[in-house]
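Okay, thanks for coming, everyone. I'll walk through one model today, so let me put it up before I start talking.

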Amino acid sequence: EILTWSQLDALMDRIAAAMQRDGLKPGDAIVISGAMSPRQAAIFLGALRAGVVVAPLAHSVTPETFAAMLGDAGPKRLFVDAQAAPLLPAGHEEALVSLNGQAPGRAFEDWLAPQGSRPAPVAIGPDDAFNIIYSSGTTGQPKGIVQPHGMRWSHIVRGAGYGWSPESRALLSTPLYSNTTLVVFFPALGYGGTVHLMPRFDAGRWLEIAERERITHTMLVPVQYRRLLAHPDFDRRDLTAFQMKFSTSAPFDAAPKADALRRWPGGLVEFYGMTE
């Protein structure tokens, strides 16, 4: 599925208008949960256009953990697919929108505002809530961390030093509920670039896409770097378009880091403590 900038802009308008039609106001929250897709990304962006706060939730957790995050976020709308649907507790039926028609709730196409719909403009300040990211799930109950628009804007401004431009092409294979992904997703769009979303990581397929699409930027966790560097196709693929690679979420040992710098064009930047 491919969305041009004009198609994305129109879809964001329709999503924002549908949320306003449903009575959502700036500061209200929605939940998005399911496999990464352009539609999921468009809902995230459309909600922001309406001043709505996005809580992207992992669908790889237990039903009890999912229910706790849901209760904490207090969403007015829930956008889920078939992967997230089994986690849903009772009592949210009226708020459900099905991302792919395979989950309970109103079909996304039926919920969406008509073609040409435009939302009422909303004023958004740097201290207004942008998203709620749930962290520390590996050591205890996930905690909701509210991040403001100013924080996300700072990521885009800081991206000037990482080579972002309208010609940038980012390849992302980690979920949209994680800052691992979002810290690259938003700067790529903020500079007018192209974002390629890969719903599930596969090293061979990843290398194929990176070569074919002339990918310039990516975010990967250390285990993905190790798998890519060990893949038999790695040295046969043309990765010379790369300008910058990013890593986060786990320690990146010196040996694979040095191997990446030696064999893989472009720079390497690590992020720490992004959510907290």
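**Helix packing, a ring cluster and a few odd residues**

Let's start with two helices: α1, residues 5–21, and α2, residues 38–49, have axes that come within 8 Å of each other and cross at roughly 60°. That angle is below the 65 degrees where roughly perpendicular begins, so α1 counts as oblique to α2. And the handedness, for those who like to keep track: α1 passes α2 in a right-handed crossing. On the α1 side, the contact is made by L8, D9, L11, M12, D13, I15, A16 and M19, and α2 brings A42, I43, L45, G46, A47 and R49. Sort those by class and you get 10 nonpolar residues, one polar and three charged.

I should say right away that this is a predicted model, so please hear everything that follows in that light.

Now stay on α2, and look at how it meets α6, which is residues 179–190. Here the axes are 13 Å apart and the packing angle is about 70°. That makes α2 and α6 roughly perpendicular to each other, because the 65 to 115 degree range gets that name. The crossing of α2 past α6 is right-handed. Which residues make this contact? From α2 we have A41, F44, L45 and L48, and from α6 there are L182, F185, F186 and L189. By class, that's eight nonpolar, with no polar and no charged residues. If you're following on the screen, L45 shows up in the α1 contact, and L45 is also on the list for α6.

While we have L48 in view, let me bring in H149. This histidine sits in helix α5, residues 149–158. Is H149 buried or exposed? Its relative accessibility is 16%, and the line for buried is under 20%, so H149 counts as buried. Setting aside neighbours within four places in sequence, H149 is in contact with L48, I124, G125, P126, D128, A129 and F130.

Okay, on to the aromatics. There are 16 aromatic pairs by the rule I'm using. The one I'd like to show you is W206 with F242: the ring centres are 6.1 Å apart and the planes sit at 20°, so this pair is stacked. W206 is in helix α7, while F242 is in the loop between α8 (222–230) and β11 (244–247), so the pair links distant parts of the chain, 36 residues apart. W206 has 0% relative accessibility and counts as buried. F242 is buried too, with a relative accessible area of 5%.

W206 has another partner, W264, and this time the pair is edge-to-face, at 5.8 Å centre to centre with 75° between the planes. W264 lies in the loop between α9 (254–263) and β12 (267–270), so with W206 in α7 the pair ties together parts that are 58 residues apart in sequence. W264 is buried, as is W206. Zoom out a little, and ring pairs link W206, Y225, F234, F242, F252 and W264 into a cluster.

W206 also leads us to M198. Where is M198? You'll find it in the loop between β9 (194–197) and α7 (203–212). M198 is buried, at 5% relative accessible area. Beyond its neighbours within four places in sequence, M198 is in contact with M36, L171, L172, S173, R205, W206 and I209. For a sense of scale, M198 and R14 are 184 residues apart in sequence, and C-alpha to C-alpha they are 25 Å apart in space.

Last bit: backbone angles. Most residues other than glycine have a negative phi. R214 goes the other way, with a positive phi near 55°. R214 is in the loop between α7 and β10 (217–220), and it is partly exposed, with a relative accessible area of 36%. S249 has a positive phi as well, near 80°. That serine lies in the loop between β11 and α9. S249 has 55% relative accessibility, and the cut-off is over 50%, so S249 counts as exposed.

That's what I have for today.

Methods. Residues numbered from 1 in each chain as written. Predicted model: local features only at pLDDT ≥ 70, side-chain atom pairs only at ≥ 80, totals over all residues. Heavy atoms only, no water. Helix = DSSP H or I, 4+ residues; strand = E, 2+ residues; numbered from the N terminus. Buried < 20%, exposed > 50% of the residue type's maximum accessible area, 1.4 Å probe, protein only. Contact = heavy atoms within 4.5 Å. Phe/Tyr/Trp six-rings, centres within 6.5 Å; stacked < 30°, edge-to-face > 60°. Axes fitted to C-alpha atoms, helices over the stretch in contact; angles between N-to-C directions. Parallel < 35°, antiparallel > 145°, perpendicular 65-115°, else oblique. Left-handed = near helix turned anticlockwise from the far one by under 90°. Nonpolar A, V, L, I, M, F, W, Y, C, P; charged D, E, K, R; others polar.
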